[in-house]
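Reader: Walk me through this one, please, and tell me how each label is earned.

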Amino acid sequence: MILALLIVVLACSARPPPAAAGTAMQPGEACLRRCGDIDIPYPFGVGRGCHLETGDWTFSLSCNRTADGRQRLYNYQIEVVDMSVRHGQLRIYSLINPWCYNSSTRGMNGQNNWWYDMSITNFRINDALNRFTVVGCNSLAYIRSLNDTTDLYMTGCMAMCPGVGRLENGSCAGVGCCQTAIPSGLNGYQISFEEKFNTSGTSSFSPCSYAVLLEAAAFDFRTTYVTTDEFMAANGNQVPLVLDWAIGNKTCEEAKRNASAYACVSGSSECVDSKYGRGKGYLCNCSAGYDGNPYLLNGCQDINECESSRYPCSVPGTCVNTIGGYNCVCPDEKSGNAYNGTCEQRKSQLGWEIAIGVSAGVIVLIITACCVYMIYAKRRLAKIKSEYFKQHGGLTLFDEMRSRQGLSFKLFTQEELEEATGSFGVVLLELLTCRKALNLEELEEEKYLSSQFLLVLGENRLEEMLDPQIKSEQSIEVLEQAAELARQCLEMLGEKRPTMREVAEELDRLSKLACHPWGPPDSGELVGLLRSSPSPTTYSGQSRLEHGSSTRNVSFDDTAYTGIQSPR
């Protein structure tokens with residue numbers, strides 16, 4: 001075909017004007033930016049200095065007025081439909097290849113097989129958006145790589161017609177129309193028909209077959225494409241085809257090393273490597289939230305999402321544009337989620353504020369009152385302790401401790417003293433008998449002083465165990481009362497024992513009784529001491545010591561009393 005020959009000639013002879021090496025130029029103000037009804041965005045341009053110079057024909061365009069008076073845009077004689085900087089695509093017209101039955105010669109016309117070579121550009125045929133399409137009856141066509149390419153491929157598509165009644169508008173699934181995908185990364189191809197499959201047998205209703213590589217979205221099969229020449233006539237013998245383009249043959253990383261030739265010159269722009277792989281060039285995109293032309297200085301501008309056709313917020317009137325983005329903000333008197341929810345009237349917060357304020361005040365008042373009370377209680381407790389200390393011999397204890405410097409002392413708690421009553425009964429026995437509490441050299445029944453004491457006491461043989469010196473110094477009445485105190489301290493159950501306070505009081509009474517200068521039996525002071533003896537009363541619910549009357553003079557050592565004041 002003539003177009004194919006023109007492409008070959010142009011590819012071999014025509015060259016773009018030399019470009020300044022490594023210069024990412026910008027178009028001048030006089031450059032043509034529109035041809036007919038088609039916009040020409042940079043890096044494309046018409047004429048020297050108006051397109052990006054890459055050393056090939058990729059971005060070089062021409063604007064020509066055709067015989068019908070229209071201005072048409074071409075890329076080396078291939079008519080351009082439009083172009084997209086954002087998607088990195090160029091749409092051109094692809095010629096339809098027919099093969100028809102000639103009723104005059106009663107045979108098929110010769111095939112005008114042609115090829116398309118884009119190796120002198122940085123274009124690739126978009127495999128996702130284009131389809132190889134065959135229209136006709138009993139038609140088989142092939143699309144294959146060029147003979148001199150290293151990546152060989154071939155695929156075909158066959159359309160059959162069982163009858164005109166089986167044809168259906170919009171259906172391209174093998175009946176009257178067939179479509180198939182193509183490999184990725186093609187920059188050239190050739191089309192041919194299989195001569196064994198032709199329309200000689202269907203010439204009465206379908207004389208021609210058609211094969212073309214086209215944009216799938218721009219094609220809508222009609223049954224008249226099979227039965228008439230409408231496919232050619234309605235489209236002017238050509239249909240759209242989508243090409244992908246890229247800048248040069250370097251990756252983004254490599255291109256950025258030469259800032260003067262780097263094409264992504266706008267602020268807020270990003271470089272993206274070509275999807276066709278390393279060495280296939282790169283593209284420039286505006287960053288998220290920006291739109292425009294990244295190949296121009298200041299070409300990427302902030303998008304006002306609030307003015308877009310699709311309002312970004314779920315609540316009208318809440319969008320606030322920001323540099324590179326936007327916010328959805330509910331009005332001051334409302335709250336909620338304006339992005340994908342609703343904004344509702346705010347409830348009055350005065351009641352809550354008052355309640356919170358009052359609660360906080362009450363809490364502070366309570367805390368203050370508690371602190372004051374704790375301070376008062378602490379001081380009161382200290383005062384009570386001090387009074388009890390003085391009342392119960394604390395000062396005397398200090399005097400005793402000072403008088404016995406060099407000795408160690410231990411202060412017992414009330415609980416410890418209550419538990420110590422039984423150990424104290426044994427001490428009292430040691431004082432009365434001058435024997436050890438445990439004597440391993442004695443017989444089994446005489447080893448334990450406490451056991452022997454309780455046995456003797458039960459048999460009224462107390463005097464046999466008392467130390468002779470003790471008996472000579474103290475009256476038997478005092479010693480018997482001291483022995484009774486020891487017996488009560490040796491009770492097995494702790495609750496039956498007298499408390500240490502009661503023990504101390506009893507020892508104090510016995511000490512006074514022992515030191516009394518015994519006079520006549522009717523002495524008033526003596527009677528008072530004897531009457532104070534708790535013979536019928538109890539220690540903690542138990543029977544207290546019983547005292548008899550005696551007229552003998554007694555001197556009783558205060559060792560036991562001192563022991564109870566400083567327990568061992």
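Author: Vocabulary first: helices (H or I, at least four residues) and strands (E, at least two) are DSSP runs, numbered from the N terminus. This is a predicted model, where local features need pLDDT of at least 70 and side-chain atom pairs count only at pLDDT 80 or more, while totals for chains, interfaces and linings use all residues. Residues are numbered from 1 along each chain as its sequence is written, and side-chain values use heavy atoms, leaving out hydrogens and water.

Reader: Where does Pro 43 sit?

Author: Pro 43 is in the loop between strand 2 (38–39) and strand 3 (45–46). A cis peptide bond, with omega about 20°, joins Tyr 42 to Pro 43. Most peptide bonds are trans.

Reader: Why is helix 12 called roughly antiparallel to helix 13?

Author: Helix 12 (residues 476–489) packs on helix 13 (residues 500–515) at about 170°, with axes 10 Å apart. Axes are lines fitted to C-alpha atoms over the stretch in contact, and angles run from 0 to 180 degrees between N-to-C directions. Under 35 degrees is roughly parallel, over 145 roughly antiparallel, 65 to 115 roughly perpendicular, and the rest oblique. The angle is about 170°, so helix 12 counts as roughly antiparallel to helix 13.

Reader: What is the phi of Tyr 76?

Author: Tyr 76 has a positive phi of about 30°, although it is not a glycine. Tyr 76 lies in the loop between strand 5 (71–75) and strand 6 (78–84). Most residues other than glycine have a negative phi.
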